[in-house]
Amino acid sequence: MTSPEAEQGGGVAGEEQATPQDGAPRPEERLERAVRAAEQALIEYEIAVETFRVEVENFSRLHHQKLGPMYARLDELDAQIAEARAARTGDPEDHRKADEARARVLPMPGVEELFHGWMDGEGLFPEAVAMLTDQPVRPPQRVRPSDEARKLYRELARKAHPDLAQDDTERARREEFITRVNAAYSRGDELLLRELAEEWAKGPAPQERGPSRSEELYARLEWLAQRKELLSLVAKELEESAIGAMLRLAPDDPDRLLEEIAEKLLADVSQREAELAELLG
């Protein structure tokens, strides 16, 4: 994108643009250029962050798919080595370490398996609660609004009905308000219905003066800056993650890094297998 300096050019043309009477750029035009430049820079930064995020996710997925079985094999060999050592020495401390190593290999049972269908990750099932409290299983009762709540609801519905609107803006306001009235009534919330009645009695909020073009541009620049800060935090989190740190070790050839890690893990597996074979004699 051409910079403001390049757009002005040099020589006579540049001097002509520099004089206000010959059509110097208005402040709004300079702001618009700044906004366009900031938008383009943010787009490029978002592309870079998103690209890195995809690389981190793909690397993590491939790391798990390709190397996960090797890590699992190493854990299993560590458990077998610890068990073989404990069997040979009979030392209680070695048995404790063997139990810990085996526990790292065994999969954790699901909550449903542990509690035989009585609960899941969200808590006890309704049937289980009923059994433990000697209560019959029944769905929750519907709220029955009080007489005062019904009275408030009818009054608000009559006053704020969308069909009473004179234009589309007023209809939209009434529909949004009635939606809140219906929600409060469905819960039997008498206090909220009273508050809504007071809100309606005050009438619509007066329309404020819209921002000027310069104010809109400044607000846009501020939003772009905030967006850039958020993206910087995302980028920092990605870079400081374990997978991101690994990617930084081989930014030009991450696939080769996976192969190098796999080679090291294979060597570790061979070493563990030799150690186990020696213990089993």
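I'll start with a single contact: lysine 228 lies over the face of tyrosine 45, and the distance to the ring centre is 4.3 Å. Keep in mind that this is a predicted model, so every value here is computed from it.

Now the aromatic rings. How many aromatic pairs does the count come to? The count comes to 1. The partners are phenylalanine 177 and tryptophan 200, with 4.9 Å from centre to centre. Their planes are 40° apart, and the pair is classed as tilted; the tilted class takes what is neither under 30 degrees, which is stacked, nor over 60, which is edge-to-face.

Where do the two rings sit along the chain? Phenylalanine 177 is in helix H8, residues 168-186, and tryptophan 200 is in helix H9, residues 190-202. They are 23 residues apart, and the pair links distant parts of the chain.

Are these two residues buried or exposed? Phenylalanine 177 has a relative accessibility of 3%, so it counts as buried. Tryptophan 200 has a relative accessible area of 14% and is buried as well. The cut-off for buried is under 20%.

On to the whole chain. The protein has 12 helices and 2 strands. In order from the N terminus, five helices are followed by the two strands, and then by seven helices.

Of the 281 residues, 22% count as buried. The accessible surface of the protein is about 20300 Å², and carbon and sulfur atoms hold 53% of that.

Last, contacts. Taking those in the protein with a separation of 6 or more, 62% are between residues 24 or more positions apart.

Conventions. Residues numbered from 1 in each chain as written. Predicted model: local features only at pLDDT ≥ 70, side-chain atom pairs only at ≥ 80, totals over all residues. Heavy atoms only, no water. Helix = DSSP H or I, 4+ residues; strand = E, 2+ residues; numbered from the N terminus. Buried < 20%, exposed > 50% of the residue type's maximum accessible area, 1.4 Å probe, protein only. Contact = heavy atoms within 4.5 Å. Areas by Shrake-Rupley, 256 points an atom, 1.4 Å probe, with all protein chains shown as cover. Phe/Tyr/Trp six-rings, centres within 6.5 Å; stacked < 30°, edge-to-face > 60°. Lys NZ or Arg CZ within 6 Å of the ring centre and 35° of its normal.
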